[in-house]
Amino acid sequence: ANYQVNMQEIAGGSPQMQAALAEQQEYEHLAQDLVDLKDLFVQLGVHVEDQKENVEIIATKVEEAEKDVEQGNVQLQQAVKYKCAVCKKKICIIGIVIAILAVLALIIGLSVGLGK
């Protein structure tokens, strides 16, 4: 109550008193803004600390995924090599079957030819 009375007296006073009052209010407002800003930085620090663990987990998962991709690439290269080897074996088997059929055809052809 005393403060309000004094403020009213100052507000009704000289221009210097009114300027001093306005300046005092600006300082109080600035001080409150600084307190609010400090609180925001404290809250930001808490949020950053809370997220730190999550970021570390994500980084670990990314590293694991990178290793898995590298292993997958190695396995794909091996699969390509195995596929080429299988194709070569198929060609060899087909060649052998054709050779056997040719020999059989020759034998049958000769036996039929000799039987006449």
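Ile100 lies in helix α2 of a model that is predicted. This residue belongs to a nonpolar surface patch, in which it is joined by Ile93, Ile96, Val97, Leu101, Val103, Leu104, Ile107, Ile108 and Val112. Together, the residues of this patch present about 930 Å² of accessible area. For the protein chain, the exposed area is about 10500 Å², of which 66% is supplied by carbon and sulfur atoms.

The secondary structure of the protein chain consists of two helices, with zero strands. Helix α2 spans residues 15-115. Of the 116 residues in the chain, 2% count as buried.

A patch of negative charge was also identified on the surface, made up of Glu63, Glu64, Glu66, Asp68 and Glu70. Among its members, Glu64 is placed in helix α2. The relative accessibility of Glu64 is 40%, and this residue therefore counts as partly exposed, the class being bounded by 20% and 50% relative accessible area.

The count of salt bridges comes to one. The pair is formed by Lys38 and Asp39, whose closest N and O atoms are 3.7 Å apart; this separation satisfies the criterion because a side-chain nitrogen of Lys or Arg is required to lie within 4 Å of a carboxyl oxygen of Asp or Glu. Asp39 has a relative accessibility of 32% and so counts as partly exposed.

No disulfides were found in a search of the whole structure. A disulfide is a covalent bond between the sulfur atoms of two cysteines, and the cut-off applied to a pair of cysteine sulfur atoms is 2.5 Å. For Cys84, the closest cysteine sulfur is that of Cys87, at 6.4 Å, so the two are too far apart for a bond. The search from Cys87 returns Cys84 as the closest partner, again at 6.4 Å and too far for a bond. Both cysteines fall in the partly exposed class: the relative accessible area of Cys84 is 42%, while Cys87 is at 37% relative accessibility.

How values were computed:
Residues numbered from 1 in each chain as written. Predicted model: local features only at pLDDT ≥ 70, side-chain atom pairs only at ≥ 80, totals over all residues. Heavy atoms only, no water. Patch = residues over 30% accessible without salt bridge, like charges linked within 9 Å, V, L, I, M, F, W, Y side chains within 5 Å. Areas by Shrake-Rupley, 256 points an atom, 1.4 Å probe, with all protein chains shown as cover. Lys, Arg positive; Asp, Glu negative; His and termini not counted. Charge placed at Lys NZ, Arg CZ, Asp CG, Glu CD. Helix = DSSP H or I, 4+ residues; strand = E, 2+ residues; numbered from the N terminus. Buried < 20%, exposed > 50% of the residue type's maximum accessible area, 1.4 Å probe, protein only.
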